[in-house]
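Thanks, everyone. Please pull up the sequence and the structure, and keep both in view while I talk.

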Amino acid sequence: MKTPLIRTPLPGPKALEFIRKDSELVSPSYTRVYPLVVQEAKGLWVQDVDNNRFLDFTAGIAVNATGHCHPEVVRAIQDQAAKLIHMSGTDFYYPPQIILAQKLAGISNTSGGAKVFFANSGAEAVEAAFKLARHHTRRAITIAFFGAFHGRTMGALSLTASKAYQKKHFHPFVPGVIHAPYPNCYRCPFGLRHPSCSLACVRWIEDPIFRTSVSPEEVAAIFVEPIQGEGGYIVPPAEFHVELARLAKKYGILLVADEIQSGMGRTGKMFAMEHFGVEPDILALAKGIASGMPLGAMIAGGNLMDWPAGSHASTFGGNPVSCSAALATIRLLETGLIENARIRGHQLMAGLREIQKRFECMGEVRGKGLMVGVEFVEDRISRQIAPDLRDRVVQGAFRQGLLLLGCGESTVRFCPALTISAEEVDTGLSIFEDTLDRINR
Ligand SMILES: Cc1ncc(COP(=O)(O)O)c(C=O)c1O
């Protein structure tokens with residue numbers, strides 16, 4: 001059985017040198033949480049430049065759905081790269097983009113027959129959805145949620161309300177975005193309890209927003225993450241999305257599901273909205289869609305995608321190599337990986353809940369499939385957030401060879417590749433528990 005192997009102090013000598021150069025040359029806006037300099041990776045195992053081996057529970061921020069360098073994805077990339085790397089789907093046609101559009105339209109849970117716009121990233125998929133919603137409805141206002149992360153370009157950042165420093169000094173944003181409270185039942189923004197709250201978060205959109213600030217006839221779209229990702233892996237109550245969809249429909253508002261982090265099988269279904277039985281009008285995808293090749297997609301019912309030639313496009317969006325990687329990825333998802341995410345997700349959650357019994361600081365274990373978060377607290381009575389402790393856990397796990405990332409204010413996220421085995425889940429759990437023991441909380 002494979003285990004992490006740490007042979008040098010971290011960072012090792014070669015890593016140290018790269019990090020020194022990086023700090024001279026690369027934008028300081030990136031948030032590197034620990035000094036990992038990756039040389040190569042396969043499946044869930046990452047090797048750094050000093051030959052240390054780590055178990056990866058981050059999947060490159062929930063991207064490598066099929067694990068690092070899955071042989072079928074690598075083959076698809078190599079085959080396509082030998083034939084055609086770029087032609088620009090904006091001006092020309094090529095089969096991989098059209099075949100992928102057909103596949104995505106087929107699997108998407110948007111209401112009505114679907115069409116696909118191709119982009120390079122999550123933020124670009126969101127931008128496309130933002131623009132299409134305005135264009136189609138001719139309405140100017142958009143609703144998004146506090147805690148949401150939709151990306152960092154100016155449009156996507158206008159919808160984002162995750163951490164203030166992400167927006168600091170970038171004002172003013174695209175006008176017409178209103179944020180509403182997201183149903184974080186562990187920390188209800190209204191101080192209520194589910195289900196006696198009667199979904200105060202959905203009602204809040206009608207009153208006060210529609211009563212006091214904007215007429216619903218002026219609202220183009222509601223952007224929502226089915227499960228909030230960067231905001232803390234927050235799973236809303238079962239009926240939230242149904243009620244939100246009902247409200248949107250009542251006023252002719254488009255419901256845009258940002259499945260950039262939660263989609264592509266991660267939650268044990270192709271799209272997380274399937275857990276809630278909701279068909280959004282528009283779907284934004286990226287991250288896991290092409291196993292690490294840059295690709296974003298915005299999928300909308302064919303009747304919605306009525307913008308004329310020239311109204312939106314991207315030179316690189318949907319390039320043939322990324323599309324081929326996506327086709328290989330989806331094939332793998334459909335032939336076992338989504339089911340594996342569901343089964344291994346149960347194992348991971350059950351294991352974390354067992355560990356939670358020993359540690360008062362593990363406030364909540366939540367998630368679906370392999371999108372699992374552990375919220376750290378000072379204690380379970382006060383539920384006071386414990387960001388420093390969370391950071392120590394992430395650092396401690398790294399030193400023991402387990403790669404984790406935080407999200408939200410005080411949460412550790414577990415988002416390994418969907419190829420993860422039962423043994424790898426157990427190895428990750430035991431390092432996590434050991435890390436907590438060493439921190440001695
Ligand atoms: C839900 C969600 N939307 C959008 C984005 C932005 O994606 P990208 O970083 O590819 O622009 C992210 C990235 O973390 C995300 O989690």
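Two domains here, in a predicted model. Domain 1 is made of two stretches of chain, 13–69 and 344–439. Domain 2 covers 71–332. Their C-alpha centres lie 25 Å apart.

How many residues of each domain are in contact with the other? It is 26 from domain 1 and 26 from domain 2. Look at the domain 1 side. Four elements each give two or more residues to it. They are helix α2 at 59–62, and strands β11 at 362–368, β12 at 371–376 and β15 at 411–414. What is the class make-up of that side? It has 10 nonpolar, nine polar and seven charged residues.

Now go to strand β5, residues 141–145. Is β5 mostly covered or mostly open? Mostly covered: five of its five residues are buried. Take the faces in turn. One side carries Ile-141, Ile-143 and Phe-145. The other carries Thr-142 and Ala-144. Both faces are covered.

Next, the pairing. Which strands does β5 pair with? One is β7, residues 219–224. β5 and β7 run parallel and are joined by three bridges. Find Thr-142 on your screen; its bridge partner in β7 is Ala-221. Another is β6, residues 177–180. That pairing is parallel too, over four bridges. Here Ile-143 has Ile-178 of β6 as its bridge partner.

So, to recap β5: buried residues on both faces, with parallel pairing to β7 and to β6.

How values were computed: Residues are numbered from 1 along each chain as its sequence is written. This is a predicted model: local features need pLDDT of at least 70, side-chain atom pairs count only at pLDDT 80 or more; totals for chains, interfaces and linings use all residues. Domain bounds come from an automatic or database domain assignment. Two residues are in contact if their C-beta atoms, placed from the backbone, lie within 7 Å. Ala, Val, Leu, Ile, Met, Phe, Trp, Tyr, Cys and Pro count as nonpolar, Asp, Glu, Lys and Arg as charged, and the others, Gly among them, as polar. A residue is buried if 20 or more other C-beta atoms lie within 10 Å of its own, exposed if 12 or fewer, and partly exposed in between; C-beta atoms are placed from the backbone. Two strands pair if DSSP finds at least two bridges between them.
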